[in-house]
Amino acid sequence: MRIRPVATVAGVLVGLAASLLPTTGARATDGHHRVLTIAHRGASAYAPENTLAAVDAAAGLGFTWVENDVQRTKDGELVIVHDTSLARTTDAEQVFPDRAPWNVADFTLKEIEQLDAGSWFGPKFAGERVPTLEDYMDTVEDNDQKLLLEIKAPELYPGIERQILKELREDGWLDRHHVKHRLIVQSFSAESVKKVHGLRSDVKTGFLGTPSVAELPAYAAFADQINPQYKSISTGYVASVHQVKGPHGRPLEVFTWTVDDAANAVKAARQGVNGIISNKPDVVRDALENSGH
């Protein structure tokens with residue numbers, strides 16, 4: 001499906017249900033900003049990562065923001081999968097035993113659509129498929145959710161930034177509302193983030209990593225967020241990031257990953273982060289609310 005003028009009935013019902021559940025964020029100790037909780041690869045502690053089931057699981061828990069990973073198939077289609085190999089999260093080894101190391105880039109979409117991306121996680125998810133970006137965006141839209149999209153290993157897929165933006169545009173995600181409120185594009189590759197910013201400077205972007213404080217102004221030319229692993233940050237580092245203004249004239253934000261326990265969630269919030277990415281977003285949410293954040 002492509003651009004739809006109105007949300008589907010299912011999407012409206014899911015959005016209504018989510019609005020009745022606890023909010024996805026909590027106040028930091030300083031009381032001045034809200035800490036978002038982002039469901040990592042969907043609610044990936046409760047459903048197979050990067051599948052439509054994981055997106056729906058996040059919605060069912062009341063979480064608006066989901067994170068995913070985008071790669072490209074041999075025949076040029078965009079799919080949602082984290083590892084550059086299909087071996088860990090599908091039955092590719094059994095279906096195609098002679099195709100080691102089962103790299104995403106070595107399989108066509110038709111071949112990938114034959115794979116079971118759910119049984120490894122649990123029998124109730126047997127038959128879950130690797131979604132295309134288009135199908136994934138349809139589900140996120142239907143659920144009235146927001147997306148933190150990661151471009152995975154862009155060095156393997158020349159031109160993927162332009163292709164992703166084209167797909168997002170065709171799916172209705174590059175209009176003013178989506179760009180302003182519902183979309184962030186990030187990558188571990190600074191060059192990839194630069195390309196996205198160069199192609200669509202209005203799209204909010206994030207760099208995955210922990211640049212030195214001295215390097216922050218250079219990153220701020222093309223990234224709105226610095227998104228580091230939670231063990232690599234301190235209160236001072238987060239404050240230093242916030243002191244630098246990004247390409248849209250606002251202070252850089254910090255989304256940290258991947259926090260799955262209460263103690264580290266509270267610690268990260270006290271350090272001043274803007275968002276926490278978690279496989280167990282409900283654990284993070286409850287920890288922040290119970291600690292008064």
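This is a short walk through the overall make-up, the cavities, the largest pocket and one helix of this protein.

Hello everyone, and thanks for coming. Please keep in mind throughout that we are looking at a predicted model.

Let's begin with the whole chain. The protein has 293 residues, and 53% of them count as buried. Its secondary structure consists of 12 helices and 10 strands. If you take the contacts between residues at least 6 apart in sequence, 62% of them join residues at least 24 apart. As for the outside, the accessible surface comes to about 12,500 Å², and carbon and sulfur atoms account for 54% of that.

Now to the spaces inside. How many cavities of 30 Å³ or more are there? The count comes to two. The largest cavity holds about 60 Å³ of space. You can find its lining in your viewer by selecting Glu49, Asn50 and Thr51, then Ile80, Val81 and His82, then Thr89 and Thr90, and finally Ala117 and Val130. Sorted by class, that lining has five polar residues, four nonpolar ones and one that is charged.

Next comes the largest pocket, with a volume of about 580 Å³. It is lined by 25 residues, and those closest to its centre are Lys180, Lys204, Asp224, Arg250 and Glu253. Three elements each give two or more residues to this lining: strand β2 (34-39), helix α7 (176-181) and strand β6 (183-187). Which of the elements gives the most to the lining? That is α7, with four residues. By class, the pocket lining has 10 nonpolar, nine charged and six polar residues.

Let me finish with helix α5, which covers residues 133-142. Why can we call α5 largely enclosed by the rest of the structure? Because seven of its 10 residues are buried, and here buried means under 20% relative accessible area. Those buried residues are Leu133, Tyr136, Met137, Asp138, Thr139, Val140 and Glu141. So what covers them? The cover includes the helices α2 (52-60), α6 (160-170) and α7, along with the strands β3 (65-72), β4 (78-80) and β5 (146-151). You will remember α7 from the pocket, where it gives four residues to the lining. One last detail to look up: after α5 comes Asp144, which has a positive phi, near 55°.

That's my tour, and I'm happy to go back to any part of it.

Notes:
Residues numbered from 1 in each chain as written. Predicted model: local features only at pLDDT ≥ 70, side-chain atom pairs only at ≥ 80, totals over all residues. Heavy atoms only, no water. 1 Å grid on protein atoms, 1.4 Å probe; cavity = no way out; pocket = protein on both sides within 12 Å on 5 of 7 lines; lining within 4 Å. Points joined across faces, edges and corners; volume = space filled by probe spheres on them. Nonpolar A, V, L, I, M, F, W, Y, C, P; charged D, E, K, R; others polar. Buried < 20%, exposed > 50% of the residue type's maximum accessible area, 1.4 Å probe, protein only. Contact = heavy atoms within 4.5 Å. Areas by Shrake-Rupley, 256 points an atom, 1.4 Å probe, with all protein chains shown as cover.
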